[in-house]
Amino acid sequence: MKRYLCSIIIGMVVILCIGTYYVKVASSASGLPKYTFKTLEGSDKELDPVIINATLQNGSNFYEPLTIESNTTTYASESSYLENLTGRQDHQIERLIKEHRSFMRGKDSISSLYEDDDFLAYAWVNSEFTNNGKMEAEFDIGLLEKKDEEETSFQIELPNQERIMNVDVRDVQLVHSKLQVLTMIDVNSNNEKQTKEVHLYTIDLANKKVLSDKTLLSETFTYPNQVDFEMPIDGAPSQPNNMVLISLIKGVNHEEGPFEEKLKESKLLSYNYETEKLETVKKGSLSLDMARSGYADGKNLYAVEMKSGKYRIKTFDLSSQTLTNDTELDIAANKEEQYTAAFKNGRVYFLLNEMNQEGKSSKPAKLLIADLKTGKTLYKGETVINKKNSKSFGLFIDDLEIK
């Protein structure tokens, strides 16, 4: 009887603690401002697929993540315990977890996933340093056949792992039943020289082995010189893409002063998974900075330009390497504003947020949704806040997602 009584008491304490937690959470969240969009032009139905992830800040000691979805503000503190435990997730990851919960267990990086109508594939690198300072690394590979929900998973050693200090998976594609895994690597070095490389691993899924380890780019440098590889924002992560873009950035670190880029040595390159060709992109009217800060989806590169007081979207076809569209958006440009963009279903979603010197929102955030080809405005709106004391808060936009 004492045993049952003890269990009952423990259960009541747990329930009381959980109840107290949620009462405190509800009370805390109710005192925070709620952001919604007021429609200025167009149809508010265009807001349906829009997800805005942001952070509310008040001074240096208060930070609260929030999401604006379906024109409703939800704070992290209002989420469940499990949701807060896993943290904010990409909406595509959330969808995949709902549809393929067993396969998606432990998989939370959208850049490590590939999905088409028939397959869902995964590639990641697990690594650790041994006591003697050497790295041990292996691929964690998974494949799901959607039709019958048949899963295949295995681990294989990363080739030449003894020379690798760090490896980062940046893109995964399934080409002719072979998994293509694009990675960026820091090479282990015992001297002042540093080497960075871009590798493409081809993995035979049927025989569970690495068929090839192809070095696409390799750059060795010594301080104060610096080399970096970057990729434009992926507008279609996990989707089948024939082409990937890589920026090669070379420069010098000055002891007194900022990093100075060597523009003549920096360039934008493309790699085609089908033809296996690595080529320098002829950008034409696009500047290097515009090109590498753009948004790519495997077919087009979308670059943002501020010109004559307006924002313009330049669409660059990757296969023909030509500018196919140059659209002016009906929204004023301001150098003090930070923009976040997304491109989907023939639309451009353009979010502007301005901060003052204290890091607080001095103006409402503005959202424009326009036809990508014509620039016609489909929706225009700005945030409104339900709290009178909202001026003490700063709203920082983290990213913009489109369902």
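Of the 403 residues in this protein, 44% are buried, and please keep in mind as I go through the details that what we have in front of us is a predicted model. The protein has four helices and 27 strands, and when we take the contacts between residues at least 6 apart in sequence, 50% of them join residues that are at least 24 apart.

Let me begin with one of the sheets, which is an open one of four strands, in the order S4-S3-S2-S27, with antiparallel pairing. Strand S4, residues 72-75, and strand S27, residues 394-402, stand at the edges of this sheet, and each has a single partner strand, so one side of each is left without a neighbour in the sheet. On average, neighbouring strands here are turned by 25° against each other, if we ignore direction. Looking at one pair inside the sheet, we find that strand S3, residues 63-69, runs antiparallel to S4 and is joined to it by four bridges, and that Leu66 has Tyr75 in S4 as its bridge partner.

Now, which residues of helix H3 are buried? They are His91, Gln92, Ile93, Leu96 and Ile97, and the elements that cover the buried residues of H3 include S2 and S27, which we have just met, together with strand S5, residues 113-115, and strand S6, residues 119-129.

Next I would like to turn to strand S17, residues 267-272, where five of the six residues are buried, so this strand is largely enclosed by the rest of the structure. On one hand, S17 pairs with strand S15, residues 243-253, in the antiparallel sense over six bridges, and here Leu245 has Ser270 in S17 as its bridge partner. On the other hand, S17 also pairs with strand S18, residues 277-280, again in the antiparallel sense, over four bridges, and in this pairing Tyr271 stands opposite Leu278 of S18. S17 and S18 form a hairpin with four residues between them, and in that turn Glu276 has a positive phi of about 60°.

That brings me to the empty space in the model, and a general remark may help here: if we roll a probe the size of a water molecule over the atoms, we see where empty space is left.

How much space lies in the largest pocket? The value comes to about 1200 Å³, and among the 45 residues that line this pocket, the closest to its centre are Ile233, Asp234, Gly235, Ala236 and Pro237. Several elements each supply at least two residues of the lining, including helix H3 (91-99), S15 and S27, as well as strand S9 (164-175) and strand S23 (337-344). If we sort the lining of the largest pocket by class, we count 19 nonpolar, 13 polar and 13 charged residues.

As for closed spaces, the count comes to one cavity of 30 Å³ or more, and the space in the largest cavity is about 40 Å³. Its lining is made up of Phe37, Leu47, Val50, Ile52, Ile68, Glu69, Ser70 and Asn71, and the elements that give two or more residues to this lining are strand S2, residues 50-57, and S3, both of which belong to the four-stranded sheet I described at the start. By class, the residues around the largest cavity divide into five nonpolar, two polar and one charged.

Conventions
Residues numbered from 1 in each chain as written. Predicted model: local features only at pLDDT ≥ 70, side-chain atom pairs only at ≥ 80, totals over all residues. Heavy atoms only, no water. Pairing = 2+ DSSP bridges. Axes fitted to C-alpha atoms, helices over the stretch in contact; angles between N-to-C directions. Buried < 20%, exposed > 50% of the residue type's maximum accessible area, 1.4 Å probe, protein only. 1 Å grid on protein atoms, 1.4 Å probe; cavity = no way out; pocket = protein on both sides within 12 Å on 5 of 7 lines; lining within 4 Å. Points joined across faces, edges and corners; volume = space filled by probe spheres on them. Nonpolar A, V, L, I, M, F, W, Y, C, P; charged D, E, K, R; others polar. Contact = heavy atoms within 4.5 Å.
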